[in-house]
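Student: I'm new to this one, so please pick a single loop, take a close look at it with me, and then follow the trail from there to wherever the ligand is. What should I be looking at?

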Amino acid sequence: MFITLEGIEGSGKSTLIKNLNNYLLDLDIDVLFTREPGATITGKNIRNLLLSPNTDLSSEAELLLIMADRVEHIKNIIAPNLNLNKLVISDRYIDSTIAYQGGGRGIKIKLIESLIKNLKMPIPDLTFLIDINVEIGLKRAKDRAELDRFEKEEINFHKRVRDAYLKIAKKDPERVIRINGNQEEESVFNDVKHYLEIKLAKR
Ligand code: TYD
């Protein structure tokens with residue numbers, strides 16, 4: 001089974017992943033956590049390029065670098081582990097591209113969707129969108145560490161990213177579940193656990 005976690009900066013995905021890891025280990029479920037960009041060796045180089053505030057990139061080149069990272073990620077990590085029947089959980093995946101490069105940068109969603117389709121990228125079985133107020137998310141990101149190239153974008157960029165995420169959840173409610181990320185971390189985890197248990201029971 002393939003599950004992805006999505007959300008804007010500071011939405012609390014890292015805390016959620018820690019909680020999920022403990023929970024799934026207790027259940028003795030064979031799980032692999034991975035993330036984008038930068039899960040493979042080549043991907044790490046791409047990630048450095050993408051996140052460095054010194055990188056000057058056109059939106060289209062940014063999109064293609066992210067897709068290159070993803071192709072490597074699928075080939076070397078996602079597909080082999082799904083074939084071993086593992087539960088694969090990725091911190092960010094295709095919906096990040098629709099939200100950031102589509103919503104944020106303004107690249108046509110149709111182009112992104114056609115790349116996803118033609119490159120035969122596996123569609124997740126379940127996606128959790130941790131939805132948080134943009135100001136709160138950005139403040140958390142700012143308090144955490146030095147800002148990367150995306151975090152440095154103006155607030156309206158992040159608002160467009162969030163709106164695009166919400167559109168995806170509306171369009172594809174069977175796959176994408178919106179979780180209220182403005183709650184306490186325990187409540188966020190409990191909400192996710194609720195949907196996860198339903199999905200795991202059907203496995
Ligand atoms: P990272 O620090 O891993 O994310 P987070 O802020 O969740 O800890 O940074 C990854 C950045 O890459 C994040 O700002 C979003 C961006 N990104 C895209 O713009 N498009 C994509 O398709 C992916 C996977 C990430």
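## From a loop to the ligand

Tutor: Let's start at K120, which you'll find in the loop between α5 and β4. Bear in mind that this is a predicted model. K120 counts as exposed because its relative accessible area is 70%, and the cut-off for that word is over 50%. Its backbone deserves a look too: phi of K120 is near 55°, a positive value in a residue that isn't glycine. Why point that out? Because most residues other than glycine have a negative phi.

Stay in this loop and go along to D125, which also lies between α5 (109-118) and β4. D125 has a relative accessibility of 36%, so it is called partly exposed. That label covers the range between 20% and 50%. Now check what D125 has across from it in space: K199 is 74 residues away along the chain, yet the two C-alpha atoms are separated by 8.8 Å.

Next, step out of the loop and into the strand. T127 belongs to β4, which covers residues 126-131. Is T127 buried or exposed? It's buried, because its relative accessible area is 1%, and buried means under 20%. From T127, look for two residues from further along the chain. The C-alpha of V176 is 4.7 Å from that of T127, although their positions lie 49 residues apart in sequence. And the side chain of R175 makes a polar contact of 2.8 Å with the side chain of T127.

There's another threonine to put beside that one. T34 sits in strand β2 (residues 31-35), and T34 is buried, since its relative accessible area is 10%. Its side chain has a polar contact as well, 2.7 Å to the side chain of H73. Leave β2 and you enter the loop leading to α2, where you'll meet P37. The bond between E36 and P37 is a cis peptide, with omega about -10°. That one is worth a pause because most peptide bonds are trans.

One more loop, and we reach the ligand. R92 lies between β3 (87-91) and α4. Like K120, R92 has a positive phi, here near 80°. R92 is buried, though, because its relative accessibility is 13%. A polar atom of the R92 side chain lies 3.0 Å from an oxygen of the ligand.

Now look at the other side-chain atoms around the ligand. T97 places a polar side-chain atom 2.6 Å from a ligand oxygen, while Q101 has one 2.8 Å from a ligand nitrogen. On its own the ligand would expose 540 Å², and the protein buries 91% of that. The place where the ligand sits is the largest pocket.

So who makes up the surroundings? There are 14 residues around the ligand, and E9, K13, R47, T97 and Q101 come nearest. By class, this shell has 6 charged, 5 nonpolar and 3 polar residues. Three helices each supply at least two of them: α2 (41-51), α3 (59-83) and α4 (94-104). The largest share, 4 residues, comes from α4. If you trace the route again on screen, begin at exposed K120, pass buried T127 and end at the pocket that holds the ligand.

Conventions:
Residues numbered from 1 in each chain as written. Heavy atoms only, no water. Near = heavy atom within 4 Å. Polar contact = N/O pair within 3.5 Å; in protein donor to acceptor, adjacent residues only side chain to side chain. Areas by Shrake-Rupley, 256 points an atom, 1.4 Å probe, with all protein chains shown as cover. 1 Å grid on protein atoms, 1.4 Å probe; cavity = no way out; pocket = protein on both sides within 12 Å on 5 of 7 lines; lining within 4 Å. Sits in = over half its atoms within 2 Å of the grid points. Nonpolar A, V, L, I, M, F, W, Y, C, P; charged D, E, K, R; others polar. Buried < 20%, exposed > 50% of the residue type's maximum accessible area, 1.4 Å probe, protein only.
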